[in-house]
Amino acid sequence: MTDGPILSITGVHKSYGAYPALKGVSLDVRPGEFIALVGPSGCGKTTLLKQIAGFEDTTSGTIRIEGQDMAGVPAALRPTSMVFQKLALFPHMTVAQNIGFPLKLRKVEPRAIATQVEEMIRLMELKPEYLTRYPRALSGGEQQRVALARSMISSPKLLLLDEPLSALDVKLKKVLQAELKRLHRSVGVTFVHVTHDLEEAMMLADRICVMRAGKILQLGEPADIYYRPADPFVAGFIGETNLMPITVTGRNADRVTYTSSEIADAQASLPASLVAADVGQGAALMNVRPELIRRCDKDADVDCKLPATVTEVFTKGGTVQYRARSRQGHELAIEIQGASHLPMQLGEDVWLGWSKKEIWVLKPGEA
Amino acid sequence: MDMEVSRSWRDPELWVKALPSVILQTTCFLAPLVMTFVLTFQKTQNFQLNWTWNLATWTDVFSKPHYWTILGHTLVMAVACVAVCIVIALPIAYGLATRFKRLDSEIKVLITFAFITDATLKTFGWVLFLDKKGAANYLLMQMGFPPETVAFLFTDWATLLGMVYNLLPFAIFTIYLSIDNIDRSLILAAYDAGAGKFRAFWEVTLPLSRPGIWAGSVLIFLLGVGVFLEPKVLGGGKSPMSAELIRQTFETRVNWPLGAALTLVLMAVAIFVVLLFSRVAGMRKAGQ
């Protein structure tokens, strides 16, 4: 096997009539990687998956799989396999016929098909007596496994998953997420997983590709996306966060100096490693995750702090969420581990502080 | 919320609620059928109906092979019409449902137009076209064919042509609807699994459009068994079909008991064929 990317997408554009669904997407996927394409509805993630699968022609740009240009190669001949959002199990075929279908099309003899189908059934932990049943007689989770088995049986190079878990209830979703992860580890196939659920992407993927309006905003490991978002949209999409406006006044190799009308910071500077490379002098945003903020005293020795008034308290079982309003009217979200004794009360005037270790400074943009 | 439906026949409320439907069914369907049945045991003399209970009509029906030949001919024509209609309608419906999806509403309007244009008009149109001095022969002569190449007006083939022409929209419509209902991702899944266009059609689209094909077949068969316009106008009345025979028996020969008996025989045979049809279809489905 070569060391190069298994999937290489370069400058792919796709337009439906006048509507541009993909505006120049480039992405390299490493062999055996689990990559998640994440974004809101209409961001182009499913369109990109369709281009990879070969269901649609790209308007321009190239898609290579194992170095081979896929232009003009029909879906049937691509080494990819798709698990559809609605699963797309054939209702007129039994479970065994569904799973064995790709092999039947490759003219594998019936006995060999039966053996491989049984192997897949075992891998997917499906009961053998299901083989003769029709898909509609199976539960949602079982149908999911049948769909996966059908996609895996032809040993694809790339398994494409188009939000296959989105229709399931939360509990079943958790079970199947764990199973997907296990499956990925055990078969070593490259997974490209489309989802609008960022939590799911963080759980499953080695790398996450955040998309918006036909473009890739950021590609990186889950921790990169979470702690070092490339722009305010990514920061907010990943979960609730606090983006506080600051003004950068200077930057050298080690440190970045800044001022803020609200944040009290004795040093008024940050290590350059906590500031995105594209941040220059002028307006910037300090990204502070809700779980990093704590109540503190006015004179406490913390890196950054500001005064605020508690406006809401939500008890969420394991955690408690607060909303607080700063003196200049910015709303802040704070999340703490649940405790029987709440550290802050509704309407209370408090000081909120956080350490500079886990913050991130990024350029302002569309949120 | 849901109350269990366990009503007794003695429940008076049930009878009251069922009454409109019962009256409608009885007056419009059951009563005429019973009257037709009763008619078969009567006699006509001097173009007058005589209320004398006897089995003469039924002995006549079962002893004369002529009626059965016509019935057999009718069934053969109807089945042939079903086969030709399905074979023609399938690719048309498939094309309409897949290739011309953008013209969806226009297509439905056009199909509806095909239904509401009078069949008599269309059938006579074919006579003009297929006549010895008609447009078809004229065109073929211009192309160098000998005169009267199209000489099948007033044959069974012309009858079949007319039947297919008039009944084809039913097949297109039912098959179109069932193909249109197939989830597009199933077809994509077939491509993804490695199927070419033809294989995907054969393995997925065709089996899933079977309900439409059966519905269209049954509809066309029943309508085809009852045609009298096409055998008369295009077939020239040379080899009549059952419906035309029944019409003649009632109108020309004024033999109402015989007409009634022939009607019942045709109905029974048609229903039998449809049941046999659906039995076979049901067995194939269960065997999958």
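These legends walk you through several close-up views of a predicted model.

**View 1. Where chain B meets chain A.** Let's start at the interface, to which chain A contributes 22 residues and chain B contributes 18 residues. The size of an interface is often given as the accessible area lost when the parts come together. Here, about 1700 Å² is buried between chain B and chain A, and carbon and sulfur atoms give 62% of that area.

**View 2. Charged and polar pairs across the interface.** Side chains of opposite charge can pair when their charged atoms come close. Between chain B and chain A the count is 2 salt bridges. One of them joins the side chains of A:Lys104 and B:Glu203, with 3.1 Å from N to O. Polar contacts between the two chains come to 5 residue pairs, with both residues at pLDDT 80 or more.

**View 3. The chain B side of the contact.** Look here for helix H8 (184–192) and helix H9 (197–208) of chain B, the elements that give two or more residues to the side touching chain A. The most comes from H8(B), with 7 residues. Sorted by class, this side of chain B has 10 nonpolar, 5 charged and 3 polar residues.

**View 4. The largest pocket.** Its volume is about 770 Å³. Of the 29 residues lining this pocket, B:Thr98, B:Arg184, B:Ile187, B:Tyr191 and B:Lys197 are the closest to its centre. To trace the wall, follow helix H3 (65–98), helix H7 (156–180), H8 and H9 of chain B, each of which supplies at least two lining residues. H8 and H9 of chain B will be familiar from the side that touches chain A. By class, the pocket lining divides into 15 nonpolar, 10 charged and 4 polar residues.

**View 5. A salt bridge within chain A.** Over all chains, the count is 19 salt bridges. This view picks out A:Lys45 and A:Glu163, whose closest N and O atoms are 3.8 Å apart. The two residues bring together distant parts of the chain, being 118 residues apart. A:Lys45 belongs to helix H1 (residues 45–53) of chain A, while A:Glu163 sits in the loop between strand S7 (158–162) and helix H5 (170–187).

**View 6. Two loop residues with positive phi.** In chain A, find A:Glu125 in the loop between helix H3 (110–123) and helix H4 (140–152). This residue is not a glycine, yet its phi has a positive value, near 55°. In chain B, turn to B:Val254, in the loop between helix H12 (242–251) and helix H13 (256–287). B:Val254 is also a residue other than glycine with a positive phi, near 45°.

Terms used
Residues are numbered from 1 along each chain as its sequence is written. Chains are lettered from A and ligands numbered from 1 in the order in which they are written. This is a predicted model: local features need pLDDT of at least 70, side-chain atom pairs count only at pLDDT 80 or more; totals for chains, interfaces and linings use all residues. Side-chain values use heavy atoms; hydrogens and water are left out. Contact means heavy atoms within 4.5 Å. Buried area is the accessible area (1.4 Å probe) that two parts lose on being put together, summed over both. A salt bridge is a side-chain nitrogen of Lys or Arg within 4 Å of a carboxyl oxygen of Asp or Glu. A polar contact is a pair of N or O atoms within 3.5 Å; within protein, one must be able to donate a hydrogen and the other to accept it, and residues adjacent in sequence count only if both atoms are side-chain atoms. Helices (H or I, at least four residues) and strands (E, at least two) are DSSP runs, numbered from the N terminus. Ala, Val, Leu, Ile, Met, Phe, Trp, Tyr, Cys and Pro count as nonpolar, Asp, Glu, Lys and Arg as charged, and the others, Gly among them, as polar. On a 1 Å grid over the protein atoms alone, a cavity is a set of points where a 1.4 Å probe fits but cannot get out, and a pocket is an open set with protein on both sides within 12 Å along at least five of seven lines; lining residues have an atom within 4 Å of a point. Grid points are joined across faces, edges and corners, and a volume is the space filled by probe spheres set on the points.
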